[in-house]
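This report describes selected local features of one protein chain for a reader at the bench. The sequence and the structure are shown first.

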Amino acid sequence: MSLSRSPSPQQGGGWSTPGLTDASDYDTPRRRDYGDLNGSALNDTAWAAAKAKSQRTKEEDISNAAKIQQLHFRSERLECRETGKGSVETCWLWEMVKGQNIALTTVLWSKSNMTSRYRRAAHFGGGSKFVMILAANQGGGVMEWKGPREWAIERDSVRNKKQYAAKWGYELEIVDMSTKKRYAHEWRESWEKVDTIRNCLRKYPDAEWFWWLDLNTFIMEPSYSLQTHIFNNLADNTYRDINVYNPLKITHPPVGDFLDPETLSPVGDNKSESINLVVPQDCSGFTLGTFFIRRSQWTDRLLDIWWDPVCYEQKHMEWEHKEQDALEHLYTNQPWIRPHTAFISQRKVNSYPPGACGGDDGNLDRRFHYHEEDRDFMVNMAGCEWGRDCWAEIYNFRELSNKLNRSRWEKFKDSISDRWKKFKESLIKKADAPKEDAEKHG
């Protein structure tokens with residue numbers, strides 16, 4: 001049985017392998033060109049003629065459109081004069097006013113666009129130097145399913161970060177955490193922060209600082225830029241000596257006979273340029289719900305060791321908080337990490353609601369919990385999935401943020417609405433007063 005009728009790489013058909021081709025069988029017919037199948041319909045002359053005809057049709061359409069537009073403007077001017085609005089000159093002036101309104105609208109739009117570009121430019125606002133990394137579990141992970149409340153949390157959180165990034169010209173990388181599935185067989189389904197940061201370092205080669213954000217975070221004060229809030233004065237907004245607040249009771253500075261003076265110093269070289277990692281601390285230690293990491297050789301080295309299989313394969317059952325416990329372990333046992341690590345006040349970037357680090361009884365700790373009067377920058381609903389209502393918390397803080405950041409016009413409208421509401425309530429009380437008196441005396 002011959003297989004020479006099968007599709008063949010040989011020009012004349014058949015197969016070159018001995019035993020599969022028999023010269024006595026039919027050869028594969030030569031494939032005909034498209035032009036052969038269609039005769040002379042697609043020859044060069046016919047194609048050129050069709051192309052020229054199409055071009056003439058387009059030119060005629062453009063000419064007709066211009067004539068129609070000219071007739072339309074002429075009829076408008078005639079209508080303006082006939083209806084008594086004024087002379088032709090007055091109507092022309094009216095057309096100019098309408099044109100200026102359009103131009104003013106264009107300028108206002110361009111102004112907002114220019115503001116965004118200014119804030120983003122590296123040599124002006126500097127927004128392009130910052131990348132926000134938002135962990136959005138958009139499809140559900142390996143270990144959880146998402147319901148309507150989870151989708152609502154994600155929608156509000158993503159919108160909040162998009163608005164903030166657009167306002168200040170920052171890059172926003174929304175990470176689909178359903179990719180955690182590729183880590184499930186390696187016991188590191190919750191270690192993906194490290195790998196994600198490495199990918200962002202490659203994706204945004206011109207960025208300097210990378211800001212990790214958990215999904216259950218909400219920026220309360222979008223009017224605060226990262227530059228003015230933290231990085232324009234990084235030395236005063238952070239502390240290098242962990243003994244300032246040390247819930248883990250880590251011995252600092254490290255002790256060793258072969259350590260250099262910078263490592264032995266509790267504040268390193270005490271220069272903000274050497275800070276490559278900024279981490280807040282809560283009541284139990286490091287918290288990686290939000291943190292900042294800087295592009296540097298030191299960062300590349302840290303991420304390589306942090307992502308090392310020795311950590312997640314040997315300690316995945318012992319370390320409950322996964323990559324967070326791994327970082328605490330590295331900071332404690334690797335002296336070279338400390339001179340480039342700084343800490344920031346918890347409420348500066350990561351305030352907690354009641355229920356996280358205590359506060360259930362109403363006694364809020366000013367080191368950790370959100371205070372409205374201080375207008376804290378961001379709230380992290382950390383641990384809300386363990387006995388608290390994540391959606392209720394993020395909804396309440398969203399409404400509070402909208403209220404605190406109203407424009408003057410919105411505040412004026414709300415004040416009028418409140419006065420009208422109180423006035424109606426007073427009228428209802430006056431109308432009900434005689435009925436209540438009659439019921440008492442009756």
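The sections below treat strand pairing, a buried acidic residue, enclosed and open spaces, and unusual backbone geometry. The model is predicted.

**Strand 8 and its partners**

Strand 8 spans residues 290-294, and five of its five residues are buried. Thr290, Phe292 and Arg294 point to one side of the strand, while Phe291 and Ile293 point the other way. Burial applies to both sets, the charged Arg294 included.

Strand 8 pairs with strand 3 (residues 209-213) in the antiparallel sense, and five bridges join the two. Within this pairing, Trp212 of strand 3 has Phe291 as its bridge partner. Strand 8 also pairs with strand 6 (residues 277-282), again antiparallel, over two bridges. Here Leu277 is matched with Ile293 of strand 8. Phe291 and Ile293, which point the same way from strand 8, thus appear in the pairings with Trp212 and Leu277, respectively.

Val278 offers a view of the surroundings of strand 6, in which it lies. Because its relative accessible area is 1%, Val278 counts as buried. Its contacts beyond four places in sequence are Trp209, Leu234, Thr238, Phe291, Phe292, Ala342 and Ile344. Two of these, Phe291 and Phe292, belong to strand 8 and point in opposite directions from it. Val278 also lies 5.4 Å from Phe343, C-alpha to C-alpha, although 65 residues separate the two in sequence.

**Asp376, a buried acidic residue**

Asp376 is located in the loop that connects helix 12 (346-349) to strand 10 (378-380). How exposed is Asp376? Its relative accessibility is 5%, so Asp376 counts as buried, the cut-off being under 20%.

Which side chains make polar contacts with that of Asp376? One is the side chain of Arg347, at 3.0 Å. Another is the side chain of Ser351, also at 3.0 Å. Leaving aside residues up to four places away in sequence, Asp376 touches Met220, Glu221, Arg347, Ser351, His369, Tyr370 and His371. Arg347 falls within helix 12, one of the two elements that flank the loop of Asp376.

**An enclosed cavity and an open pocket**

The model contains one cavity of 30 Å³ or more. Its volume is about 40 Å³. The lining consists of Arg240, His252, Thr263, Ser265, Pro266, Val267, Gly268, Arg338 and Pro339. By class, this lining divides into three nonpolar, four polar and two charged residues.

The second largest pocket has a volume of about 270 Å³. It is lined by 13 residues, and those closest to its centre are Asn160, Gln163, Phe218, Ser401 and Asn402. Helix 4 (148-168), strand 4 (217-219) and helix 13 (390-404) each give two or more residues to this lining. The largest share, six residues, comes from helix 4. The lining of this pocket has four nonpolar, five polar and four charged residues.

**Unusual backbone geometry**

Most residues other than glycine have a negative phi, and most peptide bonds are trans. Three sites depart from these patterns. His252 and Pro253 are joined by a cis peptide bond, with omega of about 0°. Pro253 is found in the loop between strand 5 (238-239) and helix 8 (261-264). His252 is also one of the residues that line the largest cavity.

The other two sites are residues with a positive phi, and they are set out together below.

| Residue | Phi | Location | Relative accessibility |
|---|---|---|---|
| Lys249 | about 60° | loop between strand 5 and helix 8 | 69%, exposed |
| Cys357 | about 60° | loop between helix 12 and strand 10 | 23%, partly exposed |

Lys249 is in the loop between strand 5 and helix 8, where Pro253 is found as well. Because its relative accessible area is 69%, above the limit of 50%, Lys249 counts as exposed. Cys357 occupies the loop between helix 12 and strand 10, which also holds the buried Asp376. At 23% relative accessibility, Cys357 is above the 20% limit for burial and therefore counts as partly exposed.

Methods. Residues are numbered from 1 along each chain as its sequence is written. This is a predicted model: local features need pLDDT of at least 70, side-chain atom pairs count only at pLDDT 80 or more; totals for chains, interfaces and linings use all residues. Side-chain values use heavy atoms; hydrogens and water are left out. Helices (H or I, at least four residues) and strands (E, at least two) are DSSP runs, numbered from the N terminus. Buried means under 20% relative accessible area, exposed over 50%, partly exposed in between (1.4 Å probe, protein chains only). A polar contact is a pair of N or O atoms within 3.5 Å; within protein, one must be able to donate a hydrogen and the other to accept it, and residues adjacent in sequence count only if both atoms are side-chain atoms. Contact means heavy atoms within 4.5 Å. On a 1 Å grid over the protein atoms alone, a cavity is a set of points where a 1.4 Å probe fits but cannot get out, and a pocket is an open set with protein on both sides within 12 Å along at least five of seven lines; lining residues have an atom within 4 Å of a point. Grid points are joined across faces, edges and corners, and a volume is the space filled by probe spheres set on the points. Two strands pair if DSSP finds at least two bridges between them.
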